[in-house]
Amino acid sequence: MFILSLLHTSSLLFSFGLACPFHEGAGILVDSASLTSRNNAFRSTQRSVPTAESETAIENVRIFDGYRLLPETTVVIKGDTIRSIGPCSKADTHIDGNGGVLLPGFIDAHAHPSNIADLQDLSRYGVTTAMLMACFQPELCQSLKNHAGLVDIVAGSLIAAAPGSMHGSIVVAVDGNEDRLVHNASMAPQWVDDAVSWGPDFVKLIAESPGLDQETLNALTKRSHEHGKRVACHASALEAYSQAVTAGVDNIQHAPLDTPISLIVAEGIASRGQVATPTLTILRAISDSSPQTRNYTAAEETVRRLKEAGVPIMTGTDANLIPGLVAIVPFGISLHEELRLLVNAGLSPAEALRAATSIAAKQWGLSDRGVIAPGKRADLVLLSENPLDDIEATKTIQKIWLAGVEFPGAIGTF
């Protein structure tokens, strides 16, 4: 059974800042230099990347290709990519799928890993790509990338937050000063220039009250787009959600925990080409811990209206293991809970699976993954049962491949 641990603390000590702080009172200090060194050192102990000539045939599998379920066939991996779909007698390795379902690897579009154990947990539950939704120390974030046989990390920038805001307090706690806060719209272009200088994959903004005003959010979004960066924006209340929509951000993270968005707002999001990552897993946990002030049904209703309006929806969990946060969400296993909650909110099992595969890949510009097709990255999850019949079947994992490398550790248990 999926379990969320709820922790509370009155102290205001913060971690090195990888968590997405709805998160009142995160309370742990970390030596990021040592953690970075350990992450980098792990590479030397990893399995070798498969040779380009090596071929593995996964036989007797039905394929959910990222869109629909296809008849039983064979998928052939060569190196880190899918070479072909169909019979193959000359592969170096043959694996009998026993009539199971082969899916693209899952994408967690909102997570906060910080170490190799986090990457391993994501991987053992079939998460082959994860968006690191904030980065305070570039060296630490880069140390999580390019680990053969583990989840691929897509890293965001430092969070753009205002002085006096909840998230701004975290930036100050990490830095010891307000130098990296955004005070007004005139600062926005230079802030973005600095934030993207180390090469993050996207820019992360915070909409909250008190927080950045509309003019500043607009300017941050505009400058990020000028750099060719997608913009993800935290928004967990109706007012903040409206700010994110108006700013024209690409991806709205979370859903309101006070009042659901209207269908008119959802239709506006769809018409602008914006997308949503509701992160129902952490919203449910936060609501359960503070039922008097947080309304999970508002988030769930928001998802229903987003779906009705045709807004692309993606899976994201806000996974973190930082003591003292209002909700600790475990890595990997929580993706399966997110799928279940999306189905409860009105998505069909097929729509939920697309949210975790083809839709997430498309909306993040990851054209090499999210589907099972020749030439695509060999991120694959083999299940013994069919999740289109019951979304809980995503828990019947038999094998996992990450860029062609079979996950060498123990498969996650539920």
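Here is a short chat about helix H4 and the cysteines in this predicted model.

Trainee: Let's start with helix H4. Which of the residues in H4 are buried?

Mentor: H4 runs over residues 166–175. Buried here means under 20% relative accessible area. In H4 that label goes to His167, Gly168, Ile170 and Val171.

Trainee: How wide an arc do those buried residues cover around the axis?

Mentor: An α-helix has 3.6 residues a turn, so residues three or four places apart point the same way. His167, Gly168, Ile170 and Val171 are the buried ones. They sit on the same side of H4 because the arc they cover around the axis is only 155°.

Trainee: And which strands do the buried residues of H4 pack against?

Mentor: Look across from His167, Gly168, Ile170 and Val171, the buried residues of the helix. Their packing partners are strand E8 (152–160), strand E9 (202–206) and strand E10 (230–234).

Trainee: What residue follows H4?

Mentor: Check the backbone just after the helix, where phi is positive, near 85°. The residue with that phi is Gly176.

Trainee: On to the cysteines. Which two are joined by a disulfide?

Mentor: Searching the whole structure turns up one disulfide. Its sulfurs are 2.1 Å apart, and a pair counts when the sulfur atoms lie within 2.5 Å. The partners are Cys135 and Cys141.

Trainee: Is Cys141 buried or exposed?

Mentor: The cut-off for buried is under 20% relative accessible area. Cys141 has a relative accessible area of 1%, so Cys141 is buried.

Note on methods
Residues numbered from 1 in each chain as written. Predicted model: local features only at pLDDT ≥ 70, side-chain atom pairs only at ≥ 80, totals over all residues. Heavy atoms only, no water. Buried < 20%, exposed > 50% of the residue type's maximum accessible area, 1.4 Å probe, protein only. Helix = DSSP H or I, 4+ residues; strand = E, 2+ residues; numbered from the N terminus. Arc of directions from axis to C-beta. Contact = heavy atoms within 4.5 Å.
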